[in-house]
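Me: Please take a close look at one part of this model, the open sheet and the helix that lies across it. Describe how that part is built and where it stands in its chain.

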Amino acid sequence: MTTRVTLRRTLIACGTLMLALAAAIVIMSLLGSEQLPVRASLCAIFSAGTSPCGLSRDQYDILFQLRLPRILLAAAVGGSLATAGASYQALLRNPLAEPYLLGVSNGAAVGTMIALVFFGAFEWSRPVLAFAGALIATLAVYQLARGRAGATPDRLVLAGVIVTTFLSSVIVFVTTLMDATRIRSFTFWLLGDLSGSTGTLLPLVIAIAILGTLALTLNARSLNLLMLGERDAFDLGVEVGRVRILVFVIASLLVGSSVAASGSVGYVGLVVPHLVRLSLGSDNRISIPAAALGGALFVIVADTVARTVIAPRELPVGAITALIGAPLFIYLLKRV
Amino acid sequence: MSLSPLFNLRRFLILAGALLLAAAFACSPAHTPTEGHASGAQLRDDAGRDVTLPQRVDRIITLAPNLTEIVFAVGAGDRLVGNTTYCDYPPEAKNIAKVGDTLHPSLERIIALKPQVVLISTASQLETFTQQLQNQNIAVFVTDPHDLEGIFRSIEQVGQMMGRQQQANTLVQQLRERTNAVEQAVKQRPPVRVFYQASGEPLYVPGHDSFVTDLIRRAGGTSVTADVPGAWPKFSNESALAARPDAIILPTGGSMGSANSTVVEALRNSPAALAGRVYKINDDLLARPGPRLVDGLEQLARALHPEAFKQ
């Protein structure tokens, strides 16, 4: 396929998804446990919050301080996790490579926990240590998986299981030593929940989601060649080592910032990239940016369900992504 | 995923899981008499089971701090042979053998202490656990009060099973008098719309089935979350903002330390916060359905209607 055709297909696919995402952000911001006047809300959203358009002060606060930040966080988290999943799957040539299955999410969770225990006063320590935890877990899994025959898919999944269960025990052990205050805040992160909408972290999570996706998309050609096998890719001029480190670091950034803000939201990194590849093909130049947009859409919709279905009560978004994700994944497996 | 042990941590699940476990108990066959005890009194517990108790109970274990407080309050603390690490009141309760915490009691240690009865709260114990104790001929008695009357009944039942009816009845009568005094004092006052923030992140509130909802009503308030199904639902931030409460209660500063000492972001501009009507009350007095809940009721009423208590 020539580059120009690919570019056109990428632009069409991503343009469509971007429109869908923008529409989802607007439509989902009209839904919530409190009913807001639709016309006034739309008017206020399109004025970017500069005019209340007749919304009461409370309604304005609900829309702009609670609902929209949460929707944007959902989009950034969904985009980050799906992009990370898509690039792991390409780099490791493994359809099951996913942040949670590889232990990367748990690594980020351990980092978040260390930040809470030792640097509780500094909110910024959470994403920094979550990133460090994610990267260490990634490298550990990769080193464990590397045998004489290279990192085969089977070894990789096994290594992921080992690292995941080890880190789970670390989490359980340290939480029994934590005091009640920290346990409660930490339990909140682990559940995969967006209700805490951490205002200060939101710009960071959005920036990392966008920049990370762009950086990985720019390396998509190398990832395409890597899907042929590391040796073939090397023969075709891909700096395999450099690409690998790049993907590990960027994916760890994406997973780390997501987990620090919302805990482990499961299934996004698995289901969204597969769905994208089934409908758009496996060219990473298309599937990585499309997965980012699709992941954002998926988590926005899932979180809207989580916060409306039993309103004014709420469910953790992780429960909804798993409820939608698991059957969808089984269906995808059967089809392939 | 290792979420299940984590999810079970401390009060988080005591709050979140109450409804779930109540449902689990509802599914258990009701009115099944337990077998194998020297026939003593039969008492219907809050799970609807008719529990046969020994004539005289010399060894009892409690698996929640409110139950420990009740056993001491009816004067049977000397027969309490085991309790949980959360049981810190009265001070003597700390010196009793610990069988683990409310959510993770050690079955082995319980059996080794040879109790005749184990008192549990539905919020904390599981069906399989109950079955295993019953197989050891240990009676399991469930308490799950949804209002102050239910708590009075728990006290009377514990008194009855420990042969301390007299003391239990006197205690309940005193508690009733104090409760009536509070209700009389606030009767003429317009009810205050109260938001009770059980925890902030995530936001948990007392729902329709919580004894706290009843407590707020008796203290001359109306809980803005009184109609939400369940005992301790996770609540929407935007609904909290839209509720516009006139007073906010933060249970904090007791055995939970400084947790939950700030109002959630969604309520920062509520009429309650703007008027400075945010009240911190020791969570041990509000979160434990035992005799000290009436202390909590008195503090709550004084916070909501200070003018009603001016001498």
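Reply: Helices here are DSSP runs of H or I with at least four residues, strands are runs of E with at least two, and both are numbered from the N terminus. On that basis, chain B of this predicted model has 13 helices and 10 strands. Of the 311 residues in chain B, 52% are buried.

The open sheet in chain B consists of four strands in the order 4-3-5-6, with parallel pairing. Its edges are strand 4 (80-82) and strand 6 (139-143) of chain B, each of which pairs on one side only. From one strand to the next, the twist averages 35°. Strand 3 (residues 60-62) of chain B runs parallel to strand 4 of chain B, and two bridges join them. Ile60(B) has Leu80(B), in strand 4 of chain B, as its bridge partner.

Helix 4 (residues 65-73) of chain B lies across strand 3, strand 4, strand 5 (117-121) and strand 6 of chain B. Relative to strand 3 of chain B, helix 4 runs at about 140°.

The wider setting is the division of chain B into domain 1 (3-144) and domain 2 (189-309). Their contact takes 13 residues from domain 1 of chain B and 15 residues from domain 2 of chain B. On the side of domain 1 that touches domain 2, helix 2 (10-16), helix 3 (18-27) and helix 4 of chain B each supply at least two residues. Helix 4 of chain B gives the most to that side, with five residues. By class, this side of domain 1 of chain B has nine nonpolar, one polar and three charged residues. Helix 4 of chain B thus both lies across the four strands and contributes to the side of domain 1 that touches domain 2.

Conventions: Residues numbered from 1 in each chain as written. Chains lettered and ligands numbered in written order. Predicted model: local features only at pLDDT ≥ 70, side-chain atom pairs only at ≥ 80, totals over all residues. Pairing = 2+ DSSP bridges. Axes fitted to C-alpha atoms, helices over the stretch in contact; angles between N-to-C directions. Contact = placed C-beta atoms within 7 Å. Buried ≥ 20, exposed ≤ 12 C-beta atoms within 10 Å, placed from the backbone. Domains from an automatic or database assignment. Nonpolar A, V, L, I, M, F, W, Y, C, P; charged D, E, K, R; others polar.
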